[in-house]
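Here are my notes for you, set out as numbered points. Keep the structure open beside you and look up each residue as you read.

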4 protein chains.
Amino acid sequence: MRFFSDNAAAGCPEALAAIETANRIDTAYDGDAWSGRLNRAFSDLFETEVEALWVATGTAANSLALAALCPPHGGVVCNSDAHIQNDECGAPEFYTHGAKLMPLPGEGAKLNPDSVAAFLGTVRDAVHWVQPAALSITNATEYGLVYTPEETAALGALCKARNLGFHIDGARFANAVVHLGCTPADLTWRAGADALSFGFTKNGGFFAECLIFFNTALAAATRYRRKRAGHLLSKGRYLGAQLLAMLENDVWLRNARAANAAAARIAAAAGSDRLVLPVQANEVFVRVTPDEAAALRAKGFDFYDWGPGEARLVTSWDSDPAHVDALAAAIRAL
Amino acid sequence: MRFFSDNAAAGCPEALAAIETANRIDTAYDGDAWSGRLNRAFSDLFETEVEALWVATGTAANSLALAALCPPHGGVVCNSDAHIQNDECGAPEFYTHGAKLMPLPGEGAKLNPDSVAAFLGTVRDAVHWVQPAALSITNATEYGLVYTPEETAALGALCKARNLGFHIDGARFANAVVHLGCTPADLTWRAGADALSFGFTKNGGFFAECLIFFNTALAAATRYRRKRAGHLLSKGRYLGAQLLAMLENDVWLRNARAANAAAARIAAAAGSDRLVLPVQANEVFVRVTPDEAAALRAKGFDFYDWGPGEARLVTSWDSDPAHVDALAAAIRAL
Amino acid sequence: MRFFSDNAAAGCPEALAAIETANRIDTAYDGDAWSGRLNRAFSDLFETEVEALWVATGTAANSLALAALCPPHGGVVCNSDAHIQNDECGAPEFYTHGAKLMPLPGEGAKLNPDSVAAFLGTVRDAVHWVQPAALSITNATEYGLVYTPEETAALGALCKARNLGFHIDGARFANAVVHLGCTPADLTWRAGADALSFGFTKNGGFFAECLIFFNTALAAATRYRRKRAGHLLSKGRYLGAQLLAMLENDVWLRNARAANAAAARIAAAAGSDRLVLPVQANEVFVRVTPDEAAALRAKGFDFYDWGPGEARLVTSWDSDPAHVDALAAAIRAL
Amino acid sequence: MRFFSDNAAAGCPEALAAIETANRIDTAYDGDAWSGRLNRAFSDLFETEVEALWVATGTAANSLALAALCPPHGGVVCNSDAHIQNDECGAPEFYTHGAKLMPLPGEGAKLNPDSVAAFLGTVRDAVHWVQPAALSITNATEYGLVYTPEETAALGALCKARNLGFHIDGARFANAVVHLGCTPADLTWRAGADALSFGFTKNGGFFAECLIFFNTALAAATRYRRKRAGHLLSKGRYLGAQLLAMLENDVWLRNARAANAAAARIAAAAGSDRLVLPVQANEVFVRVTPDEAAALRAKGFDFYDWGPGEARLVTSWDSDPAHVDALAAAIRAL
């Protein structure tokens, strides 16, 4: 019973059907009809004109976004627990040609405008010091917390005032939207975002992420960077088709709702004493002793330890209800 | 009726079935069972221990191979018509951090040891001049010609003598093997190759290439580079499963045979006067006047012009026999 | 008797005096009074507002200029014999993060608008192909030829029409100006140049080059790139002082006149039959048999062979007249 | 009266004389006699065979060293206050092609083996995480503290055990050696160092740093990297000559002794209550109120504020004794 990561989930039936439908001789790269419809479909979803580029991984989406927002001699402000800082083996540095990540602490992997502003105030404006050029947040965060539209907009306003690009790593954007019940627009460009890594793979895709530029002027060079990074798949129609299929009928929201609901069930079982942080998306961090962790594993639950005395339990769109119930029961029984 | 590129082909049934079979919750990245079997499967195929890394595109495979073989301050000798030189938007330069491609002329996009040796003789051994560090050939070439094991080994011997890494871009490696009837080993490591970009996507995969290191010491750092390039797909099992399915029962050879046979039928129809080059794989370059090209297009055939007075016709594993026959007839009728 | 290269020349008395004058405790980096006067001094010289950044080497000046004009995924058109292509160990690729040099043939290391335009016409406007972003010429060229203001302006107009940045490698800019008798303005920004690597080291400096931006918007980021490349010398005042001293009283022109005159004496001795190319600056390329070359060396003349049957003889501001006369006599006597 | 930085000092007479002596036509780059003697001279000094490469700046020396010790996908452990982390505008990231600096806290800008080992223990050995490849310390540190041979050796042993390259930023190496009275060997290779940025510019050079490789196998590729970075000055003999002149008769030690002694006089005047840290080299950090700082400035002393309530006072080889006495008196009088 896997609660390791939503990365380990299956692809959803709609995405598979889309791959099968797209499985015929067609134009290569992104010249096919599915890929050609992405800009329209995502512009409709976001209620503004966007440029939408498929890529196969979130790391590529994040890194291409940062390369568009930050020069090689610039810096990217992020949380110390950000995926771009910790878990991508230096991909942002590779794509930006050596820009410097500038990690700031913040509980639950969140940033707030005050600490960002305070940090910016320490950077002297001279050539010896890397100048911050962009801010990147993750929503939902690596700890399963969600930025509200208001929180996002406060950071967006700071970016605008300080001339920073604003990127959102939305590997679990769907989970955030579902939690908030807001529009995708409210959580992105209306809050000042320039670019969003819109994750679909964790949420039921097979290999499908979409890099969304609200600042559409950034897309043209990024299309070259995507090719240059080897990320222009020759049969891109399989990517385009998956994305469209998951937008259609709000499959992406349905999937995220399922994952969030499963996490909520586990959170309820854990209770507030065990919870390290509020559960707002599909990740549950619980306090467990080594013996308790061992007991859960003995019952067949797979998950990561996450710092001393903590376990991370991640649900996904396809978490088996029986497994979720079993886990909830096992946690209650600890 | 598409004869644009084998890039535009569908995925084959075995690959699709593999994706479907792999569609369940499993370990992420390359921790799954399918990915874990790749080294063994490709080592068996090549009759030597290899390291096999899946990637989603040939550009990524080529660039990762070159990054493993050439330092940022080195050079990569290749043919002037090589894909890495012309068609990858500078991806080799990106992955190698600015190594210099050193293109040499050669008919049909082939290199030969004499011209390579002559070039190497012009490079002075001092810090002002970029020193060649690797040689890259494409087999079958961008013009559909095939290097024999002997030709390959002659280049391999030169590489060894001059301390150059030796890479083979095998986007159409299957087509070359089928044409020659040799073993994969004869065409690679027995001929001195360090790394092979083994193409599956053009040959019936959905998105599946395999970077093979015969020089296995190069693999460890490449695994980091792959992640850092955003090419470690989180659901890598779909890649691993496709590759295994296409190795099984020699599906990869069956597919390539079909493509080569279709090209041979077109070549036979064209006749030696029209053929720009011998047809050894699945690409046919024919001499056509603009009017003739227009006439073919009017009959529904899609293809690229390739230099003045030349058309490129590419077949694939799934070329419709009726379309092939129609094209052959149309060419005969010109 | 060294005729290897003007690189091997001494520093001139004015430059040495400037170093000595600047040898006192003062503000570090480029915060000193000498460095602070550069923009004004070069703006006066060029009759327009420029940004002037000292650097210690021509390779750094060229590479910083190209990094300002070309993105990592772009290309730089240049002559096949250009210093940036052949003699800088890939420095342009390093500074531009992997941009692709696009060398074109052209006699005497010159480019002409027709061949450049023809090349540009072959580059398809799509993401698979590196798009040219800049043009770089060398004036005087690596073969001692000089572009006139008209020739330069024709290339400048092409750059403007095609949206290419325009860089001039002026390692021997002084020699070109002296030959032409034109203004520095006519040979640069009035002809459309965005940036000039203005060489002083070969022309009597100790270690002093000046990167001039006519497109002044490019300077701000370049100041960061200069620091990031380790080229912001902490005691930059020695650089600033040298440059100012060589501008003062037209020392730079006096020095270049001496070098050109020495080359002219050798050229006159050689006669048109021996000369490979017209002698317009301070480099003389002569046809010599191996025996003749050996005879010259036996008399104590040091120089480089340059292709089969050719020798390169380079004069400098401090070429000893007696050595020059001796060389002229020796050539006449061949 | 400048106490800003030893960067602002003059060049010493011996270095100037060397520049003048080297001011004649000679072989370019590092082909001259002075540059040719560097390996021997520094090997003698360090009592082991070393490779010694001149460069014009400490940033270049540090960055070239790190590029030799750390791959693009690796990490460099350093102190949070290290020059490479804070004051070089991302030069290490540029030269290493995006390696990640891994800053650790430590008082007085020092690292200790325990905290380094603890950090290393947190890095999981898998491709998602940048793997530390090198350790860099500064001796004397940015806060004027000195690592002893024993402290250095403890870090060197850790590097060896963990397979990390070991670099020492010795911008003020001379000041450390003078303070300790040890041999240069004890403080470097005998303590496990692979490379040293040996600073001469702050210590009386005009523009002269020397990158020393104790791990001599690293030098060959670095010579290419130096050229590729535009740091192979064409008249390198001025660099070689300065370095030799400052080694001769222990000028480098004499200069550092003068700077350290001046700092000691100021420290004695300040007294232990005002001193933020012990004064071991040529930097004095004193606690001053804003009023006190203003009072000092009103008397003509120039210096940097360094954190709230702290001033940094830096002496140099040429600090005017009268200025030093005046500063000491002024501090006593506060």
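1. Let us begin with chains C and D of this predicted model. A turn of 180° with a shift of 0.0 Å along the axis lays chain D on chain C, and the RMSD of that fit is 0.1 Å. To find the axis on your screen, go to D:A229, whose C-alpha is the nearest to it in chain D, at 3.5 Å. How do the two copies meet? Of the interface residues of chain D, 100% are interface residues in chain C as well, so the two copies meet through the same surface.

2. Now try chains B and D. Chain B superposes on chain D after a rotation of 180° with 0.0 Å of shift along the axis, and the RMSD is 0.0 Å. The two copies are therefore related as by a two-fold rotation axis. Which residue of chain B comes closest to this axis? That is B:H97, with its C-alpha at 3.4 Å. Here too the interface is shared: 100% of the interface residues of chain B are also interface residues in chain D, so these copies meet through the same surface. As a reminder, two copies of a chain are related by a rotation about an axis together with a shift along it.

3. Chain A is a good place to look at domains. Its domain assignment gives domain 1 as residues 10-250 and domain 2 as residues 252-332. Taken over C-alpha atoms, the centres of these two domains of chain A are 27 Å apart. The domains also touch: 31 residues of domain 1 of chain A are in contact with 19 residues of domain 2 of chain A.

4. Next, find the open sheet of three strands in chain D, where the order is β8-β10-β9 and the pairing is antiparallel. Why do β8 and β9 of chain D each have one side without a neighbour in the sheet? Both β8 (283-287) and β9 (304-305) stand at the edges with a single partner strand each, so one side of each is left free of a neighbour in the sheet. Between β9(D) and β10 (residues 310-314) of chain D there are two bridges, and these strands run antiparallel. One residue pair to pick out is D:Y304 with its bridge partner D:R312, which belongs to β10(D). In general, strands of a sheet pair through backbone hydrogen bonds, in a parallel or an antiparallel way.

5. Please zoom in on C:H167, a residue of strand β5 (residues 165-170) of chain C. Is its side buried or exposed? With 0% relative accessibility, C:H167 counts as buried. Its side chain makes a polar contact with the side chain of C:S136, at 2.8 Å. Leaving out residues up to four places away in sequence, C:H167 touches several others, including C:N62, C:L66, C:L69, C:I137 and C:S197.

6. What about the cysteines? Over all chains, the structure holds zero disulfides. C:C89 is in no disulfide, and the nearest cysteine sulfur, that of B:C70, is 11 Å away. At 2% relative accessibility, C:C89 counts as buried. For C:C159, the closest cysteine sulfur is in C:C70 at 12 Å, which is too far for a bond. C:C159 is also buried, with a relative accessible area of 2%.

7. Two peptide bonds deserve a look. In chain C, a cis peptide bond joins C:N139 and C:A140, with omega at about -10°. C:A140 sits in the loop between β4 (131-138) and α8 (149-162) of chain C. In chain D, D:N139 and D:A140 are joined by a cis peptide bond, where omega is about -10°. You will find D:A140 in the loop between β4 (131-138) and α8 (149-162) of chain D.

8. Finally, check two backbone angles in chain B. B:C89 is not a glycine, yet its phi is positive, at about 55°. This residue, B:C89, lies in the loop between α5 (83-86) and α6 (91-95) of chain B, and B:C89 is buried, with a relative accessible area of 1%. B:N249 is not a glycine and has a positive phi of about 55°. Its place is in the loop between α11 (237-247) and α12 (251-274) of chain B. Is B:N249 buried or exposed? At 72% relative accessibility, B:N249 counts as exposed.

Technical notes. Residues are numbered from 1 along each chain as its sequence is written. Chains are lettered from A and ligands numbered from 1 in the order in which they are written. This is a predicted model: local features need pLDDT of at least 70, side-chain atom pairs count only at pLDDT 80 or more; totals for chains, interfaces and linings use all residues. Side-chain values use heavy atoms; hydrogens and water are left out. Copies are superposed by least squares on the C-alpha atoms of residues with pLDDT of at least 70 in both. Contact means heavy atoms within 4.5 Å. Two strands pair if DSSP finds at least two bridges between them. Helices (H or I, at least four residues) and strands (E, at least two) are DSSP runs, numbered from the N terminus. Buried means under 20% relative accessible area, exposed over 50%, partly exposed in between (1.4 Å probe, protein chains only). A polar contact is a pair of N or O atoms within 3.5 Å; within protein, one must be able to donate a hydrogen and the other to accept it, and residues adjacent in sequence count only if both atoms are side-chain atoms. A disulfide is a pair of cysteine sulfur atoms within 2.5 Å. Domain bounds come from an automatic or database domain assignment.
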